[in-house]
Amino acid sequence: MPPANSTMLALGTPAPEFSLPDYGVDATGDAKTLSDVAGDKATVVAFISNHCPFVKHLADQFASLAKSHEGEGVGFVAIGANNIETHPEDGPDHMTVEAKARGYTFPYLFDETQDVAKAYRAACTPDFYVFDKDLKLAYRGQFDDSRPDKGTATGADLKAAIEAIAAGTPAPEPQQPSIGCGIKWKPGNQPDYA
């Protein structure tokens with residue numbers, strides 16, 4: 001299948017609420033909400049998966065980026081929303097293994113119904129969103145301009161956006177869409193935008 005692009009949700013959109021089980025490093029399965037993960041200055045919501053080569057390309061650097069902003073008022077959360085009937089490697093047990101292997105220090109939530117992915121108009125993995133202190137969308141787009149077959153992941157675009165938004169200034173323009181594997185929707189569940 002050809003790669004998919006992010007939908008570029010309208011800037012200023014309020015962050016959709018969620019309550020999803022966490023299968024990150026702690027693997028508790030306890031629900032985490034938007035308010036649980038939100039930062040005082042900025043909040044990064046990333047839709048990712050374990051199997052996608054686009055995510056694998058940048059996963060370690062994404063983990064490092066999150067660690068570098070710990071204690072700076074920036075919240076991070078990752079959400080997996082793929083259909084695990086067709087992609088079992090993206091399911092909860094594998095999410096915990098992936099989180100430990102990559103060193104994710106943020107929650108890794110499972111959106112089994114795919115309702116949260118739809119609320120964010122997520123279309124691909126990875127799909128990145130950065131919300132400001134008021135939880136209004138201030139950046140949506142690519143991690144950087146590298147791809148699995150081109151360049152080394154640096155996170156330059158996402159990093160610049162996070163730092164600007166946390167400082168209370170607009171993210172740099174233009175914002176380029178993320179590109180990756182299309183979200184694997186359950187039969188009959190594919191949204192009209194995908």
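**Exercise 1. Is Cys 124 buried or exposed, and what is its relative accessible area?**

Keep in mind that we're working with a predicted model.

Step 1. Look up the value: the relative accessible area of Cys 124 is 0%.
Step 2. Compare it with the cut-off: buried means under 20%.
Step 3. So Cys 124 is buried.

**Exercise 2. Work out which cysteines form a disulfide, and why Cys 124 has no such bond.**

Step 1. Start with the count: the structure holds one disulfide.
Step 2. Find the partners. Cys 52 and Cys 181 are joined, with an S to S distance of 2.2 Å. That fits the cut-off, which asks for sulfur atoms within 2.5 Å.
Step 3. Now try Cys 124. The closest cysteine sulfur belongs to Cys 52 and sits 8.3 Å away, so that's too far for a bond.

**Exercise 3. Describe the disulfide between Cys 52 and Cys 181.**

Step 1. Get its handedness: the torsion about the S-S bond is about 90°, so this disulfide is right-handed.
Step 2. Place both ends. Cys 52 is in the loop between β4 (42-47) and α2, while Cys 181 is in strand β10 (residues 179-182), so the pair ties together parts 129 residues apart in sequence.
Step 3. Check the exposure: Cys 52 and Cys 181 are both buried.

**Exercise 4. Characterise the largest cavity.**

Step 1. Count first: there's one cavity of 30 Å³ or more.
Step 2. Give its volume, which is about 80 Å³.
Step 3. List some of its lining, including Phe 54, His 57, Asp 144 and Arg 147. Helix α2 (residues 53-68) supplies the largest share, three residues.
Step 4. Sort the lining by class: six nonpolar, four polar and two charged residues.

Notes. Residues numbered from 1 in each chain as written. Predicted model: local features only at pLDDT ≥ 70, side-chain atom pairs only at ≥ 80, totals over all residues. Heavy atoms only, no water. 1 Å grid on protein atoms, 1.4 Å probe; cavity = no way out; pocket = protein on both sides within 12 Å on 5 of 7 lines; lining within 4 Å. Points joined across faces, edges and corners; volume = space filled by probe spheres on them. Helix = DSSP H or I, 4+ residues; strand = E, 2+ residues; numbered from the N terminus. Nonpolar A, V, L, I, M, F, W, Y, C, P; charged D, E, K, R; others polar. Buried < 20%, exposed > 50% of the residue type's maximum accessible area, 1.4 Å probe, protein only.
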